[in-house]
Every structure is written in C-alpha cells, then in structure tokens.
Amino acid sequence: MSIYAILIDSEHAKVFDFNDGEVTHHAYHRHEPQHHTGHSQDQEHKSEHFFHQVAEHLTGATHLLLMGSGLGKEHFKTHLESHHHDLAKVIVGVETVDHPTDGQIVAHARESFSKHHISV
C-alpha cells in the first residue's frame, strides 16, 4: 500500500509516506516567485506545474490525506480531480490544520487514517 499525507499550500508541499510503520517525507517548493501583476492565467499555469510535480510523487497511491491551513489543499484536490483521476479517487479526507510541526502532521494523519480503518 502507498499511503500519503500531504500538507500543501500554493507554494509548498510536504509529502509524508507511511510505509510498513515507518514515515518518510519529501518537501516541494514552488520555485517561481509570485508576482501579482494581474496575469492570473500565468499564476494558474505555475500552480498547475507545481501541483503536477507533487502529484508525480504520489503515483500509485492507495490512500491520500490532504491537509493545509488555506485554500491550497482545495486547489490541489481540484487539480487531482481534473488531471489525475486515479489519485482523486483515493482521497480519504481534506482537513484544515494550522501550521503544524512534522510530528503533529504524522500524529494527525495516523489518527485520521485510523478513523478510516487504514493501518499505518
């Protein structure tokens, strides 16, 4: 099984991989600076590129938990629904968390997966 919890916003993502009782994580950063010049299509394209990078890491996932403090998690969910149908189907939750530490993310994810009867 490939079980992931993702803390994501429009510029950063931390992907936590739960595998045989061990947890590893990888960080992604959107490299393009955000300039608010009124070119919303350009910003959307850059977000799409960033979201594709994160989704690529999740290939083969069997369970996904999306977390974040703002709208980034919802935008990522919409991106998955539009471009990565296989990943969108395995989302078990989209939850609001307010700037947790890595340990808090892991603990919250374990609790959330447990509620869905998913062993991590």
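This passage describes the salt bridges of a predicted model and the accessibility of the residues that form them. Side chains of opposite charge can pair when their charged atoms come close. In this model, the count comes to three salt bridges.

One of these pairs joins lysine 14 and aspartate 102, whose side chains meet with an N to O distance of 2.6 Å. Because lysine 14 belongs to strand 2 (residues 12–19) and aspartate 102 to helix 4 (residues 102–115), this salt bridge ties together parts that are 88 residues apart in sequence. Lysine 14 has a relative accessibility of 29% and therefore counts as partly exposed, and aspartate 102, at 27%, is likewise classed as partly exposed.

A further salt bridge is formed within helix 2 (residues 72–83), where lysine 77 and glutamate 81 lie four residues apart, about one turn of the helix. The closest N and O atoms of glutamate 81 and lysine 77 are 3.0 Å apart. Glutamate 81 is partly exposed, its relative accessible area being 37%, and lysine 77, with a relative accessible area of 25%, is also partly exposed.

Helix 4 also contains the pair of glutamate 111 and lysine 115, which are four residues apart and so are separated by about one helical turn. Their salt bridge has its closest N and O atoms at 3.6 Å. Glutamate 111, at 48% relative accessibility, counts as partly exposed, whereas lysine 115 is exposed, with a relative accessible area of 59%, because a residue is classed as exposed over 50%.

How values were computed
Residues are numbered from 1 along each chain as its sequence is written. This is a predicted model: local features need pLDDT of at least 70, side-chain atom pairs count only at pLDDT 80 or more; totals for chains, interfaces and linings use all residues. Side-chain values use heavy atoms; hydrogens and water are left out. A salt bridge is a side-chain nitrogen of Lys or Arg within 4 Å of a carboxyl oxygen of Asp or Glu. Helices (H or I, at least four residues) and strands (E, at least two) are DSSP runs, numbered from the N terminus. Buried means under 20% relative accessible area, exposed over 50%, partly exposed in between (1.4 Å probe, protein chains only).
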